[in-house]
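Ready for a few exercises? Have a look at the sequence and the model first, then work through the tasks one by one.

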Amino acid sequence: MYIYFCGFLLFYYLYNKAINIYSFINNSYIYNQSWEDPDIDKKLYDLKDNNNILMITTGGDNVLNYLLNNPISIDTIDFNKHQNYLLQMKMALIKSLSWNDCFDILAYSDYNKFLNNFHIISQYLTPSAKLWWIKNKYIMKNFHYSGYVQYFYYFIKFYIYILGLQTYINKLKNADFNTQQKLYIENKNRLNILANILYYFSNYLCPFIGVPQAQAELSDLHPREWLYRILYKKPFQNNYFYYSYLYGHWTIDCCPDYLKYNNYSIIKNNLHKISIYTDNIENIYKYKNIIYSKYDRVILLDHMDWMNNTEIIKELNSIIPYTTNDCKFCWKSFSFKQPFACLNNISYDVSSVIFPFYQDRVGMYNSIHVASINKLPTIDIPIYNISSFNRIKIFLYTIFIPLLNLFQKNKKKFMDNYYKYQAKYYDAYRLKLLHGKLPLLYSINYKVSDVLILAGGTGDIIEYIKPYINNFNKITIVDISQPMIDEAILKVKKYNLKNVECICQNALDIDTTKQYDLIIISYSLTMIPEWSNVIDITYKILKNKGQLAVADFCFDESQYYITKLLFNFIFYFSYININPLHLVYLQSKFDTKFIRIQKGDFPYILGIKCPYYYGIFIKNIDND
Ligand SMILES: C[S@@+](CC[C@H](N)C(=O)[O-])C[C@H]1O[C@@H](n2cnc3c(N)ncnc32)[C@H](O)[C@@H]1O
């Protein structure tokens, strides 16, 4: 039994090491076509004559499709060179062949035609692309089942067979929309079984459709909903995204626009507008001549779903100098709401769920966003030095000091004792535990005057928000524990901050005659048994439209009851009580401007992850 278990763990570890999208990109492309519906995108991204577009290549189809909108230029970049080789091949086919021949090769995988013409086609490839295509010509035997995405399809095809869905697939091929919907209803039960199988195996399948774990965690969209969207909500007859996987070819009516006969010569004559780069998009500065022109459309697909706030800010900041002031940044997400804290305070033209409002044919993304981005938050992430010895010492203190104070009923004395030995190393140790703090700080709008950091501990937040402090009128840090507030005072002295006051006080006793624009409560509500009173007090002292920024541990729906009990048992010794009502109460009293729930691990405790939330809640007296 033990050997089986270890074997399983080893297999799982090796599988995860080998099967991830980053290891895939060394060998080939993932996507043989662009998984973005240009009909929706062109409208929402407001593509028009004379755009200068920066975009990500992926399957390359939309680079070609966007040519139909008569842009001045399209710079397309991808960190997987094979995606660019694929676009080069599509361009070379169009450049060198008549519509008939190009269509036969791309739509019907006419391999003989491809081989017969390869010497002409390959003249239009760069040397490295040519070399790769010489080795990989066989791809064109069956173009629609190429790229790593094909394995996802084979998995589905197997279950189509097992579940007896092949007759349905055959009938769907020529069905009008009404018949398509009837067929869906008739086959709904089997389709739902297929969806459940996909759901069950989703962790293993996601890499093959280019979805890393971080992105998969952004929503709990069940494949049932995805199948409903593509097979019931939208006509399948022009859904070239999936048609080609089910039937192995495109048709003259069901193919990307650039391949349609009437568009072919426009595309052919405008290919010179496309420039292709292999790199991270943040390195676009290496290629872009700023004097020549700036981008007015930046199309980022869903790739920010793979990134954290710091990475997103770095990337966008490197692009912004190359964009016009009115440039539209466009992206999609697997999340149903805009999920990135650092993009919480920019101005949006569109930030919406895709279904039911826009209904794209891909059906896999859940939200779409178009925004102007001129400035992003500047947060100073502190770097702390702490030896392993001290780390372990703090870890042991957090466990044993509460046990020694089990019968200490005086809250202040408990907190003083609890933090006495930890305060000095608190910031360094908790950096790897309080995962919501940094994104919380990214999500705040810092155009404020009076700030309260409630139960603010060692005042480490002032280190993060240093770039903004001189713009504030005053910051007040309140904490019940003397050792913690002493650390805050040291920081104020260290940075010579004249407008920061530190007060050792119970949050329940603060001066309620003062008013604030911004109140930050980071990982403290769960330590305050009278948490609802604290929320009431913050509501009272916050100015109308002021921001309450809160981060803390929480539970999420996927957790078992027993897991929740276990967490609260562990946390009990640290005076922490996770209570789902915190969020319910916050959201009932304030307007929620931004909220995100994620999972984070604990230092030195392998395999256990606890959910946490961070959110911006706005006081709105109109709701009173
Ligand atoms: C987990 S720490 C978080 C500190 C800091 N906000 C941070 O993000 O690192 C919880 C803090 O809440 C403080 N605290 C607990 N109960 C309090 C109360 N009733 N009034 C004020 N502070 C309190 C503790 O002293 C401690 O500094």
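## Exercise 1: around the ligand

20 residues surround the ligand, the closest being Ala455, Gly457, Ser481, Ala507 and Ser522. Here a residue counts as near a molecule or strand if its C-beta atom, placed from the backbone, lies within 6 Å of it. Before going on, note that this is a predicted model: local features need pLDDT of at least 70, side-chain atom pairs count only at pLDDT 80 or more, and totals for chains, interfaces and linings use all residues. Residues are numbered from 1 along each chain as its sequence is written.

Task: sort the shell around the ligand by class.

Solution. Start with the classes: Ala, Val, Leu, Ile, Met, Phe, Trp, Tyr, Cys and Pro count as nonpolar, Asp, Glu, Lys and Arg as charged, and the others, Gly among them, as polar. Then sort: the shell has ten nonpolar, six polar and four charged residues.

## Exercise 2: two helices

Task: describe how helix H12 (residues 188-200) and helix H15 (residues 223-233) pack.

Solution. First, what is a helix here? Helices (H or I, at least four residues) and strands (E, at least two) are DSSP runs, numbered from the N terminus. Next, take the angle between H12 and H15, about 135°, with the axes 8 Å apart. Axes are lines fitted to C-alpha atoms, for helices over the stretch in contact, and angles run from 0 to 180 degrees between N-to-C directions. Under 35 degrees counts as roughly parallel, over 145 as roughly antiparallel, 65 to 115 as roughly perpendicular and the rest as oblique. H12 and H15 are therefore oblique to each other.

Last, find who touches whom: Leu191, Asn192, Ala195, Leu198 and Tyr199 of H12 meet Pro223, Arg224 and Leu227 of H15, where contact puts C-beta atoms, placed from the backbone, within 7 Å. By class, the residues of this contact of H12 with H15 are six nonpolar, one polar and one charged.

## Exercise 3: a sheet

Task: which strands are the edges of the open sheet with the order S3-S2-S1-S4-S5-S7-S6?

Solution. This sheet has seven strands and mixed pairing; two strands pair if DSSP finds at least two bridges between them. Strand S3 (274-278) and strand S6 (347-353) each pair on one side only, which makes them the edge strands. Now step inside: strand S4 (residues 295-299) and strand S5 (residues 323-333) run parallel, joined by four bridges. Val298 has Phe329 in S5 as its bridge partner.

## Exercise 4: an unusual bond

Task: where does Pro356 lie?

Solution. Look in the loop between S6 and strand S7 (367-372). The peptide bond from Phe355 to Pro356 is cis, with omega near 10°.

How values were computed: Contact = placed C-beta atoms within 7 Å.
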